[in-house]
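I wanted to look up how one strand is paired and covered, and then how two helices pack. These are my notes.

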Amino acid sequence: MSGPAQSFTLTADILLRAYSIGLFPMAESSDAATLFWVDPTLRGVFPIDGLKVSRSLARTVRSDRFEVVADGCFDAVVAACADRDKTWINAEIRRLYGDLFRAGQAHSVEVYEGGALVGGLYGVCLGAAFFGESMFHRARDASKVALVHLVARLRLGGFMLLDTQFVTPHLASLGALEIAREDYLRSLKSALDHSGDFAAWPVAQTMSGARALAGALGRCG
C-alpha cells in the first residue's frame, strides 16, 4: 500500500520516524521530483537465523575471492544500486540516505574484487532493526556475499530484525519470508526496544569469509 507523494522537505529525522512506524519512501523513477510512502500489506523479512546458503555460495564466501568491508563508500554503493534501467532511487533518496549515513543511521557493505567495487548493499539501522534498502552486483555472487557478511555482522551486533521490504524470488531462495503487516509491526516494536551494534565487527576491517559464513549461520562464538 502506498501513501500520498511528499509535498514538503523531508529530513533524516522524519525518515527515521517513518521507519519506526513501518513506512519507507520510494520514487516513481530516478528523475521523479517527489517521493511516496509505502506500507505493504505483506512485508519481506529475513529471519536473522534463517539465511539459506547454498554449497556453491558457501564455497565462494570461504574462498575469500572477494574483500568485504563496511561503510567505506556509502554514496558509491547507493549510486551503483540506482544504476539500472528502472529504479526507485532518485536524487532525493540519495540526499536523504546520505544524511542518514553521516548521522550514523545508515550503513553499507562493500564487496571488492581486484580493488574494484563489484557488489554491495545499503540500509538503515534503528534500534536492533536493519532495514535493507537495495543491493547490486557487477560480479557473480557479489551481492549474495554482501548479504552473508551483513547477516554475520547483524548477528554479532545483536540485531533482531532484518527487513527486506518486499520478497523477490531471488531473496526467497536465500530465506526471505513474507509476513503480515501486523506481525511485522510487532517484530519491529520489539526490535526498537533493543539496541544493535553495526560496528560490533569494526567496519573498516575485513571479516574473513570463513568467519562471515560461520557468523551468518550461527556457528561461531
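**Strand β9 and its neighbours**

I began with a facing pair: F46 stands opposite L162 in β9. The model is a predicted one, and I read every entry below with that in mind.

I then looked up the pairing on that side. Strand β4 (residues 42-46) runs antiparallel to β9, and three bridges join them.

Next I checked the other partner. Strand β8 (residues 129-137) pairs with β9 in the parallel sense, again over three bridges. Here F130 is the residue that stands opposite L162 in β9.

I followed the chain between these two strands. β8, helix α5 (residues 142-156) and β9 form a β-α-β unit, and I noted its hand as right-handed.

How many residues of β9 (residues 161-165) are buried? I found five of its five buried, so I entered the strand as mostly covered. L161, D163 and Q165 point one way from β9, while L162 and T164 point the other way, and all are buried.

**Helices α2 and α8**

I turned to helix α2 (residues 55-62) and helix α8 (residues 209-216). Their axes come within 7 Å and cross at roughly 135°. That angle is not over 145, the cut-off for roughly antiparallel, and α2 and α8 are therefore oblique to each other.

Which residues make the contact? From α2 I listed A58, V61 and R62, and from α8 I listed G209, A210 and L213. Sorted by class, the contact of α2 with α8 has four nonpolar residues, one polar and one charged.

Definitions and conventions:
Residues are numbered from 1 along each chain as its sequence is written. This is a predicted model: local features need pLDDT of at least 70, side-chain atom pairs count only at pLDDT 80 or more; totals for chains, interfaces and linings use all residues. Side-chain values use heavy atoms; hydrogens and water are left out. Axes are lines fitted to C-alpha atoms, for helices over the stretch in contact, and angles run from 0 to 180 degrees between N-to-C directions. Helices (H or I, at least four residues) and strands (E, at least two) are DSSP runs, numbered from the N terminus. Angles under 35 degrees count as roughly parallel, over 145 as roughly antiparallel, 65 to 115 as roughly perpendicular and the rest as oblique. Contact means heavy atoms within 4.5 Å. Ala, Val, Leu, Ile, Met, Phe, Trp, Tyr, Cys and Pro count as nonpolar, Asp, Glu, Lys and Arg as charged, and the others, Gly among them, as polar. Buried means under 20% relative accessible area, exposed over 50%, partly exposed in between (1.4 Å probe, protein chains only). Two strands pair if DSSP finds at least two bridges between them. A crossover is right-handed if, with the strands pointing away from the viewer, the path from the first strand over the helix to the second runs clockwise.
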